[in-house]
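The following exercises concern salt bridges, a pocket and a buried position. Please work through each task before reading its solution.

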Amino acid sequence: MSDTAVQTDRDAVLAVLDSVYTAWLANDADAFVTHYDPDATSVQPGIFSHGREAVRTRLAASFQGPLRGSRVIDNPELVRFPTPDTAVVTSHAAIVMAGETEPPADRWVRSTWVIVRRDGRWLLTAFHTCPA
């Protein structure tokens with residue numbers, strides 16, 4: 001792949017993550033999963049979700065409860081392409097709860113996103129997060 005193609009793909013992959021966090025800010029679970037693969041997995045401490053609908057259902061409940069009014073700080077640190085149609089993004093992130101200006105130090109996590117290109121569209125297929 002040319003450097004231009006890699007940069008274009010990198011920008012497209014990061015735009016997917018931007019759209020996820022824009023939806024989070026709006027507390028919109030439907031928009032959050034727009035770029036999720038139907039068979040996606042999400043692994044977080046104590047939580048496993050399999051499938052786009054499971055992720056949507058979990059987030060919809062959270063947006064009505066503890067995550068209402070929250071936002072995410074997400075700093076992608078590494079974007080790599082093991083194959084031309086697969087991106088792996090590693091980021092450092094934290095949830096800022098409603099009423100907070102900064103997250104506490106113990107809320108920072110490391111996240112790994114696996115994003116695949118299917119039919120010309122980048123889709124989130126796996127997400128994993130653990131304490132930083």
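**Exercise 1.** Determine whether Asp85 is buried, partly exposed or exposed, and describe its salt-bridge pairing.

*Solution.* Asp85 has a relative accessible area of 38%. Buried means under 20% relative accessible area, exposed over 50%, and partly exposed in between (1.4 Å probe, protein chains only), so Asp85 is partly exposed. The model is predicted: local features need pLDDT of at least 70 and side-chain atom pairs pLDDT 80 or more, while totals for chains, interfaces and linings use all residues. Residues are numbered from 1 along each chain as its sequence is written, and side-chain values use heavy atoms, without hydrogens and water.

Next, the partner. A salt bridge is a side-chain nitrogen of Lys or Arg within 4 Å of a carboxyl oxygen of Asp or Glu. The side chains of Asp85 and Arg117 form such a bridge at 2.7 Å, N to O. Asp85 sits in the loop between strand S3 (71-83) and S4, whereas Arg117 belongs to strand S5, 32 residues apart. Helices (H or I, at least four residues) and strands (E, at least two) are DSSP runs, numbered from the N terminus. Arg117 is partly exposed, at 25%. Finally, Asp9, Asp85 and Arg117 are linked in a network of salt bridges.

**Exercise 2.** Which parts of the chain does the salt bridge between Asp37 and Arg118 tie together?

*Solution.* The N to O distance between the side chains of Asp37 and Arg118 is 2.7 Å. Asp37 lies in strand S1 and Arg118 in strand S5, so the bridge joins parts 81 residues apart in sequence. Asp37 is buried at 7% relative accessibility, while Arg118 is partly exposed at 38%.

**Exercise 3.** Characterise the surroundings of Ser42 in strand S1 (residues 36-44).

*Solution.* With a relative accessible area of 2%, Ser42 is buried. Contact means heavy atoms within 4.5 Å. Neighbours within four places in sequence aside, Ser42 contacts Ile47, Phe48, Ser49, Val55, Arg58 and Phe127.

**Exercise 4.** How many residues line the largest pocket, and which lie nearest its centre?

*Solution.* A pocket is an open set of points on a 1 Å grid over the protein atoms alone where a 1.4 Å probe fits, with protein on both sides within 12 Å along at least five of seven lines; lining residues have an atom within 4 Å of a point. The lining has 26 residues, with Trp24, Gln44, Ile95, Phe127 and Thr129 nearest the centre. Strand S6 gives the largest share, four residues.
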